[in-house]
Amino acid sequence: MLKRLFIVLLLSVPMVGMASSGGTSMKTADVDVSNTPSLQRGARNFMNYCSGCHSAKYVRFNRLAEDLGLTESQVLDNLMFAAERPFDTIKVAMPADDAKRWFGQTPPDLSLIARSRGTDWLYNFLLSFYEDSSKSTGMNNLVLPGASMPHVLWELQGTQRVVHRIEKDAAGNEHEVFDHFELASAGKLSAEEYDAFVLDIVNFLEYIGEPVKLKRVQLGIWVMFFLLVFFLLAYALKKEYWKDVH
């Protein structure tokens, strides 16, 4: 019985770490929503670089203040660029008509983007812009080819080029595959600093996708502990009832 229960619990755990896009292996985003300083930096980065085009309509500023350990004055002075009241949600600063005219479509709301796309996808997307003169923005993206979003973080990351290598398929035909990026022009941040900058944004997006995640996980641990104790007591009671039955 215990063996069967262990197998059921093991099979219920989701498998992670095997994300890929377009045949290119993805790096793992090591996010941690319990890291409050990272979430504070991520909120700053999001409001300064993302909220001009993207909203987060399910997130209220007073909730951010509570969860991220910020005062209302700090939120008002540093995060509320397109809002007036602490209970307002994060709204896009750019008019929808302008965004659609410039980008060809309205930029999506990002409240639940981490839940729909996954943190690994977001992390690699923000790392994978490269020079492409055939695109109107001058940039393309390896994770999402043809993305209408411009590389808004280019001043921080710099620009990079794609380097391909030649591989042969099973039929012996040669074709180009992605090998690595090379830096075309340096940005304000080093590669390590930019990586940390992006991770903070992704961590923040993970948080706003489910602000109660930490409480849910903590409650889940207590529930599993209760069920384990209850199972042991019920099993002992069953043994007691059935010990004289042959």
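**Exercise 1. How many residues of the lining of the largest pocket are nonpolar, how many polar and how many charged?**

Before we start, a word on the model: it is predicted, so local features need pLDDT of at least 70 and side-chain atom pairs count only at pLDDT 80 or more, while totals for chains, interfaces and linings use all residues. Residues are numbered from 1 along each chain as its sequence is written, and side-chain values use heavy atoms, with hydrogens and water left out.

*Solution.*
- Step 1: Fix the term. On a 1 Å grid over the protein atoms alone, a pocket is an open set of points where a 1.4 Å probe fits, with protein on both sides within 12 Å along at least five of seven lines; lining residues have an atom within 4 Å of a point.
- Step 2: Find the place. The lining has 29 residues, and H54, P108, L110, F125 and M149 lie nearest the centre of the largest pocket.
- Step 3: Sort the residues. Ala, Val, Leu, Ile, Met, Phe, Trp, Tyr, Cys and Pro count as nonpolar, Asp, Glu, Lys and Arg as charged, and the others, Gly among them, as polar. The result is 21 nonpolar, 7 polar and 1 charged.
- Step 4: Look at the elements, which are DSSP runs numbered from the N terminus (helices: H or I, at least four residues; strands: E, at least two). α7 (119-127) gives the largest share of this lining, with 4 residues.

**Exercise 2. Describe the second largest pocket in the same way.**

*Solution.*
- Step 1: Its volume is about 460 Å³, counted as the space filled by probe spheres set on grid points that are joined across faces, edges and corners.
- Step 2: Of the 23 lining residues, K27, L127, Q157, Q160 and F181 lie nearest the centre.
- Step 3: The lining splits into 10 nonpolar, 10 polar and 3 charged residues.
- Step 4: β8 (174-186) supplies at least two lining residues; its 4 are the largest share.

**Exercise 3. Which residues touch the most other members of the largest nonpolar core?**

*Solution.*
- Step 1: A nonpolar core is a set of buried Ala, Val, Leu, Ile, Met, Phe, Trp, Tyr and Cys residues joined through side-chain atoms within 4.5 Å. Buried means under 20% relative accessible area, exposed over 50%, and partly exposed in between (1.4 Å probe, protein chains only).
- Step 2: The core has 44 residues, and F46, F61, L64, I90, F204, L205 and Y207 touch the most other members.
- Step 3: α9 provides the largest share of this core, 10 residues.
- Step 4: Zoom in on Y207. Beyond its neighbours within four places in sequence, Y207 is in contact (heavy atoms within 4.5 Å) with V33, L39, R63, L64, D67 and L68.

**Exercise 4. Why are C50 and C53 not bonded to each other?**

*Solution.*
- Step 1: A disulfide is a pair of cysteine sulfur atoms within 2.5 Å.
- Step 2: The sulfur of C50 has its closest cysteine sulfur in C53, at 8.9 Å, and therefore too far for a bond.
- Step 3: C50 counts as buried because its relative accessibility is 15%, whereas C53, at 22%, is partly exposed.
- Step 4: The structure as a whole holds 0 disulfides.

**Exercise 5. Is T119 buried or exposed, and which residues does T119 contact?**

*Solution.*
- Step 1: T119 sits in helix α7 and is buried, because its relative accessible area is 15%.
- Step 2: With neighbours within four places in sequence left aside, T119 contacts A29, V31, A114, V202 and E206.
- Step 3: T119 and E206 are 87 residues apart along the chain, yet 6.8 Å separates their C-alpha atoms.
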